[in-house]
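Biologist: Could you pull up the model for me? I have a few quick questions.
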Amino acid sequence: MPEGGDWPSCVEQFPLEKKIGQGAFATVYKAHCPAKANVAVAIKVMDLENINSSFEDIRQEVQMMRMSDHPNILRCYCSFVHECQLWLVMQMMEKGSCLHVMTQAKRMGMGEGMREEWLAYILKESLQGLKYFHDQGQIHRDVKAGNILLDGEGHVRLADFGVSGWLINSGDRRQTTKTFVGTPCWMAPEVMEQIDGYDYKADIWSFGITALELAKGYAPYAHFAPMKVLIMTIQQEAPSLKSYPDDKSVDGEPFSRGFREIVRLCLQKDPKKRPTCTTLLNHKYFGKRSKDSLVSELLAKVETVGEQDVENTPRLPGTGPAYVSHDGAETLRAGAAGIARGEGGGKGEYQDTVKAGKEERLADGSKKGPAAEEEFVRGTTWVFDDGSQVILRAEAQDGKGAAEGSEGQKGTDGTKNRENKGGGDDDASFYDDFEKLTKGENFKDGDA
Ligand SMILES: Nc1ncnc2c1ncn2[C@@H]1O[C@H](COP(=O)(O)OP(=O)(O)OP(=O)(O)O)[C@@H](O)[C@H]1O
């Protein structure tokens with residue numbers, strides 16, 4: 001392994017061979033580095049258009065990534081700018097991400113999700129990597145199966161630390177700053193609400209969602225449109241295996257009590273109640289875990305990345321990035337407070353509610369009594385990967401709320417807005433349109 005020493009930092013030293021992955025913001029290629037004994041590397045190429053951080057910030061973070069030294073953290077060897085792209089030269093993990101492995105396994109007829117002994121090992125290793133970040137006072141912010149990488153020997157490394165913080169929607173930069181916030185399905189409720197801020201416990205929530213994702217092959221609300229994911233996460237009970245049509249493992253076996261317990265502990269809505277990585281690692285569920293069957297029964301069957309063409313598998317609706325647009329700290333702090341954290345949000349009682357002013361409006365246009373005394377902000381906008389937007393707007397003074405759903409990039413000004421300034425019938429038709437808008441119809445095929 002070519003650790004240490006100076007790495008070259010020019011494109012000529014990394015002739016790209018094959019595309020091995022496609023994310024929302026980056027394309028990943030395989031290359032070999034002649035100056036480093038021809039070692040195989042993975043190069044993540046990101047358009048600078050998508051990057052919202054200063055080069056100094058990125059330089060410092062890459063420096064930190066380069067210095068990260070843990071068996072469960074992906075190494076970043078060097079980075080440089082080429083034309084309008086940022087190149088990150090990283091350690092090659094031959095089997096790609098857990099998401100990639102699960103997609104391949106499904107295609108081979110091995111079913112959806114991983115067997116429990118495989119995923120328990122992967123979770124334990126990932127948790128060790130996450131603990132390393134947390135011990136250094138860092139938050140990962142984007143823990144998910146797509147960011148857990150595997151090699152052929154069953155080594156597990158957490159990737160993309162810090163990268164999410166650099167990104168913005170490349171859409172309309174003129175109008176507003178769009179801060180990358182996360183991927184709705186994995187986002188903790190407190191990250192969505194942005195009321196009191198959030199801390200490293202947000203990663204523990206994402207870890208719990210990832211546990212379910214590995215178990216069943218997709219995140220609990222992945223089939224719902226992003227706005228719905230936000231509302232469900234905030235309003236409903238925390239997801240669990242019960243959120244799926246059946247709660248069995250891919251081999252038809254029920255998941256262990258230990259697994260259910262880990263998921264329950266991580267997916268507590270109150271971040272303070274969630275355990276730390278250390279507490280989780282001390283749980284007997286993570287006691288003795290072997291990679292043997294993962295390697296022989298799964299990884300041995302999965303092709304090495306770069307040996308097959310990368311297909312742009314369409315994303316499920318709730319699995320694309322989401323941003324919050326804001327005009328300043330004030331708005332961001334209040335964030336999605338405009339999304340009702342409904343008292344009516346019990347299990348199976350999902351309601352499309354948007355709180356506006358001092359009222360809570362239901363999907364049928366009726367009102368549901370006085371909402372909690374919260375400060376509402378003007379114009380909190382969630383922007384999703386497909387360009388669709390939902391603007392939650394409140395006029396606290398007169399109690400009349402307005403919510404707009406808009407489809408991005410339509411019309412000459414770049415936006416097509418659907419306005420509603422309060423009022424029952426208008427509300428009902430707004431929600432009809434809103435429902436249509438968020439059904440996922442706007443998700444383009446091939447949006448990977
Ligand atoms: N170091 C690596 N070694 C091998 N394969 C990699 C490596 N990094 C990324 N990949 C592959 O490339 C794919 C795309 O990676 P990328 O980080 O751009 O997107 P993602 O994490 O899958 O999705 P998103 O853009 O939503 O974060 C991964 O799913 C993985 O299969």
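Biologist: Which backbone nitrogen does the side chain of Asp203 reach?
Modeller: The backbone nitrogen of His140, at 2.7 Å. That is a polar contact: a pair of N or O atoms within 3.5 Å; within protein, one must be able to donate a hydrogen and the other to accept it, and residues adjacent in sequence count only if both atoms are side-chain atoms.
Biologist: What should I know about the model itself?
Modeller: This is a predicted model: local features need pLDDT of at least 70, side-chain atom pairs count only at pLDDT 80 or more, and totals for chains, interfaces and linings use all residues. Residues are numbered from 1 along each chain as its sequence is written, and side-chain values use heavy atoms, with hydrogens and water left out.
Biologist: Where does Asp203 lie?
Modeller: In helix α5, residues 201-216. Helices (H or I, at least four residues) and strands (E, at least two) are DSSP runs, numbered from the N terminus.
Biologist: Is Asp203 buried or exposed?
Modeller: Buried, meaning under 20% relative accessible area (exposed is over 50%, partly exposed in between; 1.4 Å probe, protein chains only). Asp203 has no salt bridge. That would need a side-chain nitrogen of Lys or Arg within 4 Å of a carboxyl oxygen of Asp or Glu. The nearest side chain of opposite charge is Arg141, 7.1 Å away.
Biologist: Now the ligand. Which residues come nearest?
Modeller: Ala24, Lys44, Gln91, Lys144 and Asn147, out of 23 around the ligand. A residue is near if one of its heavy atoms lies within 4 Å.
Biologist: What does Lys144 do there, in distance terms?
Modeller: A polar side-chain atom of Lys144 lies 2.8 Å from a ligand oxygen. Gln91 uses a polar backbone atom, 2.9 Å from a ligand nitrogen.
Biologist: How much of the ligand does the protein bury?
Modeller: 92% of the 610 Å² that the ligand exposes when taken alone. Those areas come from the Shrake-Rupley method with a 1.4 Å probe.
Biologist: Which strand gives the most to the shell?
Modeller: β1, with three residues. β1 spans 16-22.
Biologist: Last topic: Gly217. Where is its place?
Modeller: In the loop between α5 and α6.
Biologist: Why does Gly217 count as buried?
Modeller: Because its relative accessibility is 17%. Gly217 is also 8.9 Å from Val250, C-alpha to C-alpha, though they are 33 residues apart in sequence.
Biologist: And how many residues of α6 are buried?
Modeller: Ten of the ten, so α6 is largely enclosed by the rest of the structure.

Note on methods
Lys, Arg positive; Asp, Glu negative; His and termini not counted.
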